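Me: I am new to reading protein models, and I would like a close look at a single part of this one. Please take your time and explain the terms as you go.

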Amino acid sequence: MTETRTERFERELAELKIPDPAAGRGALWLRVGVALLVLGPVLAVVAYFMAHGTSDPLAQRDALAIGLIGVAASVVGAALFLRYSLTGVLRFWMARQSYDLAQLGERLVATKEIHPDEIAAISR
(Lines give C-alpha, C1' and ligand atoms only; values in the text may rest on other atoms or scores of the structure.)
Protein backbone atom coordinates (compact mmCIF):
# COMPACT_ATOMS: atom_id res chain seq x y z
CA MET A 1 0.00 0.00 0.00
CA THR A 2 1.39 3.37 -0.98
CA GLU A 3 1.44 6.22 1.45
CA THR A 4 -0.63 9.25 0.48
CA ARG A 5 0.89 12.69 0.44
CA THR A 6 -1.06 13.71 3.54
CA GLU A 7 0.06 10.65 5.47
CA ARG A 8 3.65 11.24 4.45
CA PHE A 9 3.43 14.90 5.51
CA GLU A 10 1.97 13.94 8.91
CA ARG A 11 4.69 11.32 9.36
CA GLU A 12 7.39 13.86 8.49
CA LEU A 13 5.92 16.38 10.96
CA ALA A 14 5.92 13.71 13.65
CA GLU A 15 9.58 12.93 12.87
CA LEU A 16 10.44 16.62 13.23
CA LYS A 17 8.50 16.70 16.53
CA ILE A 18 6.37 19.65 15.44
CA PRO A 19 3.19 19.84 17.54
CA ASP A 20 -0.21 19.79 15.89
CA PRO A 21 -1.41 23.41 15.73
CA ALA A 22 -5.03 22.35 16.17
CA ALA A 23 -4.23 20.89 19.59
CA GLY A 24 -2.43 24.01 20.82
CA ARG A 25 -3.75 27.16 22.32
CA GLY A 26 -2.48 29.41 19.57
CA ALA A 27 -5.95 30.49 18.45
CA LEU A 28 -6.90 31.35 22.02
CA TRP A 29 -3.81 33.51 22.53
CA LEU A 30 -4.42 35.18 19.17
CA ARG A 31 -7.93 36.13 20.27
CA VAL A 32 -6.62 37.38 23.62
CA GLY A 33 -4.12 39.54 21.73
CA VAL A 34 -6.85 41.02 19.54
CA ALA A 35 -9.05 41.66 22.59
CA LEU A 36 -6.21 43.47 24.36
CA LEU A 37 -5.49 45.49 21.21
CA VAL A 38 -9.10 46.68 21.24
CA LEU A 39 -9.34 47.12 25.00
CA GLY A 40 -6.20 49.24 25.34
CA PRO A 41 -7.33 52.26 23.30
CA VAL A 42 -10.80 52.05 24.84
CA LEU A 43 -9.26 52.31 28.32
CA ALA A 44 -7.08 55.21 27.18
CA VAL A 45 -10.09 57.14 25.84
CA VAL A 46 -12.09 56.45 29.01
CA ALA A 47 -9.14 57.63 31.11
CA TYR A 48 -8.86 60.80 29.02
CA PHE A 49 -12.48 61.72 29.62
CA MET A 50 -12.22 60.79 33.31
CA ALA A 51 -9.22 63.06 33.75
CA HIS A 52 -10.83 65.99 31.94
CA GLY A 53 -14.22 65.55 33.55
CA THR A 54 -13.12 66.37 37.06
CA SER A 55 -10.94 68.83 38.93
CA ASP A 56 -10.22 66.36 41.75
CA PRO A 57 -6.52 65.47 41.61
CA LEU A 58 -7.16 62.02 43.11
CA ALA A 59 -9.62 61.13 40.35
CA GLN A 60 -7.21 62.47 37.72
CA ARG A 61 -4.42 60.26 39.09
CA ASP A 62 -6.74 57.27 38.93
CA ALA A 63 -7.46 58.18 35.31
CA LEU A 64 -3.71 58.30 34.63
CA ALA A 65 -3.33 54.82 36.08
CA ILE A 66 -6.19 53.54 33.92
CA GLY A 67 -4.59 55.17 30.88
CA LEU A 68 -1.28 53.46 31.59
CA ILE A 69 -3.05 50.13 31.98
CA GLY A 70 -4.61 50.73 28.56
CA VAL A 71 -1.21 51.39 27.00
CA ALA A 72 0.24 48.28 28.64
CA ALA A 73 -2.72 46.20 27.43
CA SER A 74 -2.16 47.46 23.89
CA VAL A 75 1.54 46.59 23.96
CA VAL A 76 0.91 43.10 25.35
CA GLY A 77 -1.92 42.56 22.86
CA ALA A 78 0.27 43.60 19.95
CA ALA A 79 3.03 41.24 21.07
CA LEU A 80 0.61 38.31 21.42
CA PHE A 81 -1.00 39.07 18.07
CA LEU A 82 2.33 39.27 16.25
CA ARG A 83 3.71 36.16 17.88
CA TYR A 84 0.76 33.91 17.09
CA SER A 85 0.09 35.43 13.66
CA LEU A 86 3.69 34.86 12.60
CA THR A 87 3.56 31.32 13.94
CA GLY A 88 0.65 30.54 11.64
CA VAL A 89 2.35 32.10 8.63
CA LEU A 90 5.63 30.31 9.30
CA ARG A 91 3.84 26.97 9.69
CA PHE A 92 2.20 27.49 6.31
CA TRP A 93 5.54 28.51 4.79
CA MET A 94 7.25 25.42 6.19
CA ALA A 95 4.50 23.14 4.87
CA ARG A 96 4.83 24.79 1.46
CA GLN A 97 8.61 24.35 1.49
CA SER A 98 8.24 20.71 2.45
CA TYR A 99 5.76 20.16 -0.38
CA ASP A 100 8.01 21.91 -2.90
CA LEU A 101 11.03 19.86 -1.85
CA ALA A 102 9.05 16.65 -2.10
CA GLN A 103 7.86 17.60 -5.58
CA LEU A 104 11.40 18.47 -6.62
CA GLY A 105 12.66 15.16 -5.29
CA GLU A 106 10.01 13.23 -7.16
CA ARG A 107 10.85 15.07 -10.39
CA LEU A 108 14.56 14.36 -9.95
CA VAL A 109 13.88 10.70 -9.35
CA ALA A 110 11.64 10.51 -12.41
CA THR A 111 13.98 12.33 -14.79
CA LYS A 112 17.48 11.36 -13.70
CA GLU A 113 16.87 8.12 -11.89
CA ILE A 114 18.42 9.29 -8.67
CA HIS A 115 17.90 7.00 -5.73
CA PRO A 116 15.47 8.50 -3.12
CA ASP A 117 18.08 8.02 -0.38
CA GLU A 118 20.45 10.34 -2.23
CA ILE A 119 17.75 13.04 -2.34
CA ALA A 120 17.06 12.62 1.36
CA ALA A 121 20.77 13.04 2.05
CA ILE A 122 20.90 16.19 -0.10
CA SER A 123 17.88 17.78 1.57
CA ARG A 124 19.40 17.42 5.06
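Which residues form a nonpolar patch on the surface, and how much accessible area do they have together?

Reply: Before turning to the patch, please note that this is a predicted model, in which local features need pLDDT of at least 70 and side-chain atom pairs count only at pLDDT 80 or more, while totals for chains, interfaces and linings use all residues. Residues are numbered from 1 along each chain as its sequence is written, and side-chain values use heavy atoms, with hydrogens and water left out.

The nonpolar patch is formed by Val34, Leu37, Val38, Val42, Val46, Met50, Phe81, Leu82, Leu86, Leu90 and Trp93, which together have about 980 Å² of accessible area. The elements that give two or more residues to this patch are α2 (26-52) and α3 (57-112), and α2 supplies the largest share, namely six residues. A patch is made of residues with over 30% relative accessible area and no salt bridge, where nonpolar side chains (Val, Leu, Ile, Met, Phe, Trp, Tyr) are joined within 5 Å and like charges within 9 Å. The areas come from the Shrake-Rupley method with a 1.4 Å probe, and for residues only the protein chains shown count as cover.

To place these two helices, it helps to know that the protein chain has four helices and zero strands, where helices are DSSP runs of H or I with at least four residues, strands are runs of E with at least two, and both are numbered from the N terminus.

One member of the patch, Leu90, lies in helix α3, and Leu90 counts as exposed because its relative accessibility is 52%; exposed means over 50%, buried means under 20%, and partly exposed is in between, with a 1.4 Å probe and protein chains only.

Helix α3 also holds Asp100 and Arg96, four residues apart, about one turn of the helix. Their side chains meet in a salt bridge at 3.5 Å, N to O, a term for a side-chain nitrogen of Lys or Arg within 4 Å of a carboxyl oxygen of Asp or Glu. A search of the whole structure finds one salt bridge. Asp100 is partly exposed, with a relative accessible area of 31%, and Arg96 counts as partly exposed at 44% relative accessibility.

Finally, Val76 lies in helix α3, and the C-alpha atoms of Val76 and Val32 are separated by 9.6 Å, although these residues are 44 residues apart along the chain.
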